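Have the model open and a pencil at hand. The exercises below each set a small task and then work through it.

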Amino acid sequence: MKLRKVTAASATALALALAVTACGGDKDSDSGSGGGSKIKIGIKYDQPGLGLKQPDGSFSGFDVDVATYVAKELGYQPDQIEWVETKSADRENALARGDVKFITATYSITDERKQKVDFAGPYLLAHQDLLVKTGSDISQGTDLNGKKLCSVTGSTSAQNVQKTIAPKANLREYSGYSECIAGLQSGAVDAVTTDDSILAGFAAQDKYKGQFKLAGLKLSNENYGIGVKKGDTATEDKINKALEKMVSDGSWQKAVDANFGPANYKNEPAPKIGQIVQ
Amino acid sequence: MFDFLEGYDVLGAFWMTVKLTALSAVGSLVWGTLLAAMRVSPVPLMRGFGTVYVNIVRNIPLTVIIIFTSLGLADIFGVTMGASDDFKLQGFRLAVLGLVAYTAAFVCEAIRSGINTVPLGQAEAARAIGLGFTQTLRLIVLPQAFRAVIGPLANVLIALTKNTTVAAAIGVAEAATLMKSMIENEAQTLAIGAVFAFGFVVLTLPTGLILGWLGKRLAVKR
Amino acid sequence: MSSVLYDTPGPRARRRNVVLSLVFIALLALLIWWLWQKMDDKGQLKWDLWEPFTTGQAWTTYLLPGLGNTLKAAALAMVIALPLGALFGIARLSDHRWIRVPAGAVVEFFRAIPVLLLMLFANEFYVRSTDIGSDERPLYAVVTGLVLYNASVLAEVVRAGILALPKGQTEAAYAIGLRKGQTMTSILLPQAVTVMLPAIVSQLVVIVKDTALGGVLLQYSELLSARSTLAANYANVIPSFIVVAIIFIVVNFTLTSFASWLEGRLRRSKRGTGTVLTGEDVEELNAAEVGGTLSTGTGGGI
């Protein structure tokens, strides 16, 4: 009986130790949103060229550069920014509840979304495009029929291909773009489709440099906006002013070149504030 | 109230779930029984293989296994299950393969525990009348073991039904995949979730009740 | 243990076993060689894909925080699910119909729904009716989903554990004048908990694996979604999956080893009632989820 008590106790101790050490590791959870001198900004963590968490824990990408610039105009230094990962499914919630001040995370302005959140910008005009291997002969949407194509499960890019662009394309769906890119590299698929900005970000990575090219198709128009809480027009106006300044002082083009440049990505000129290309 | 269902083939998606479940169930029953036989076999190396297999497969999240069938097996090792040109079919077959590989580990453990419940005397008597290992297992032990583990196997089946949702990771058009795109397009997350939850309850509850009843009826009374 | 299924191998059988083993090794070696070749063909063995895992930053920035989150959610879920499961397990054994039936319905209901959906519902619930910030909400939702499901499974473990105790224990307790509640808390539960420990620890493996679902729809950055951030950085999707799989195997194998060590202790200290939950007793359980337990039977005796 005594022995059994000991084992039971040790099991409890182990469970507790696990709980304690695990909780102890959680140091960056100073809660309270937007309070004090910090600003919380929602970005993606896993999109090279747009929003990427780097090995040293810092963040890089076009969305990050834009957000940093805007934050500076709002009166926050880079070290006052707290980056928050916002996955696609949770962006509206995060804004509505004030979890983040604004979101720069490949957030296309659409009518459905505008019912739930307000948008500043747009700050970039992207298009659905194809990423293919250098030397591939795919040059237009209809070339895709009978070809192997990869996109993210349930994404609008995937739906576009199936409905209009190339209904006979052989579509494979994964839950992330990097899986698709891996398939492209290994030759399992002929093309990957989503916004050209996202594709350019991957193609510009050191490990992939020179292997892929953008087909340069404009299969759709994606107006990336900065999401703010519905009705927060003060912030929206300030962000719009900041974006205008970013374009006029050249920082915008600099950020585009730095993040997408290596991929031979021909960017659209900086969009006018409030001008949405359908 | 349920007008958001319009334009979506919910029944078709659940039919895919049923197909995935049925094929994987048959496959994992066969492979799991073989694994259990290996784990009690006279050849030490086979015992070792069985043990290592179960301990590795059981400890990896199913998502990783399913993704690996597609990214690893199909793309790198060229195992496309006879459907290298049709990703829909390939994804389905690979998902079945992954589910079989995973579920078989649990089937194996259930059957092994069933073998444990067969009284010593049964196997001794079998050997006494000159039956070899395979004969003892096939004719005497396994038939009794199976009847003892219908309950646990029913639960493996229920878990399998729910686990088919992981096939969404490689784009198989089953219930969870449809749910994901519905959530992407529609605003009623909660209602959509409720519909799919109801679907799974409909699929799994009767399975559990029927097989549970069967297990009690067929149990070897001792 | 299972040697009763076959005779002690004689000279011929031993030779046959050696031959079988050699064939087996040859086939295995062939398979490994083929896998290695294919990996090499596709350039997956290039050092720069694997090199990141030798750097400290890959671990401190992605993998360790991910693993920390996985363990945190798992530990919390376990600590909450255990008493809840015990409560429902006991409730299902109640003499009162109005307690037994609802408890049974709740347990059956939550066992029938995929954990991913439970997490999704929990998240929606926290968004709508609480003011938990976005920092903690994914953790809350993941833990809630895990708790609802695993408490149901644990309820069945507890029920089976109590039912597996010899009837004499209850009768003796009544005989010395204990009430039902006292019998449960001071006689049955302490024994049942010891009996069920291996099953409970095995359930932790399930919880650890299921935390991976938290990264699918909610942005809980557990190990598997930390992997996707890592792979986006180093462009090494397949190696990253292999490394994460190995981490999961190591963590879970440690837990299952702990379970079998515990089981060994319990078997050796088998005095009192000496019952250990066997496959037969947990007939009602989700065998897939407590696979470890099912193999630990001391009953039968083959």
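Here are three exercises with their worked solutions.

This is a predicted model, in which local features need pLDDT of at least 70, side-chain atom pairs count only at pLDDT 80 or more, and totals for chains, interfaces and linings use all residues. Residues are numbered from 1 along each chain as its sequence is written, while chains are lettered from A and ligands numbered from 1 in the order in which they are written.

**Exercise 1. Find how helix 5 and helix 6 of chain B pack against each other.**

Step 1. Locate helix 5 (residues 120-128) and helix 6 (residues 133-148) of chain B. Helices here are DSSP runs of H or I with at least four residues, strands are runs of E with at least two, and both are numbered from the N terminus.

Step 2. Compare the axes: they lie 10 Å apart, at an angle of about 165 degrees. Axes are lines fitted to C-alpha atoms, for helices over the stretch in contact, and angles run from 0 to 180 degrees between N-to-C directions. That angle makes helix 5 of chain B roughly antiparallel to helix 6 of chain B (under 35 degrees is roughly parallel, over 145 roughly antiparallel, 65 to 115 roughly perpendicular, the rest oblique).

Step 3. Look at the residues that meet: Gln122(B), Ala123(B), Ala126(B) and Arg127(B) from helix 5 of chain B face Thr136(B), Ile140(B), Val141(B) and Gln144(B) from helix 6 of chain B. Contact requires C-beta atoms, placed from the backbone, within 7 Å.

**Exercise 2. Work out the strand order of the open sheet in chain A.**

Step 1. The sheet has 5 strands in the order 10-9-11-8-12, with mixed pairing. Two strands pair if DSSP finds at least two bridges between them.

Step 2. At the edges are strand 10 (170-174) and strand 12 (212-214) of chain A, each pairing on one side only.

Step 3. Zoom in on strand 9 (residues 148-152) of chain A, which pairs with strand 10 of chain A in the parallel sense over 5 bridges. Cys150(A) has Arg172(A), in strand 10 of chain A, as its bridge partner.

Step 4. Add helix 6 (residues 177-186) of chain A, which packs on the sheet and makes about 165 degrees with the direction of strand 9 of chain A.

**Exercise 3. Which elements of chain B have the lowest and highest mean pLDDT?**

Step 1. Begin with the whole of chain B: its mean pLDDT (the predictor's confidence in each residue, from 0 to 100) is 85, and 95% of its residues reach 70 or more.

Step 2. Among the elements, helix 8 (residues 175-185) of chain B is lowest at 78, and helix 1 (residues 10-39) of chain B is highest at 93.

Technical notes:
Two residues are in contact if their C-beta atoms, placed from the backbone, lie within 7 Å.
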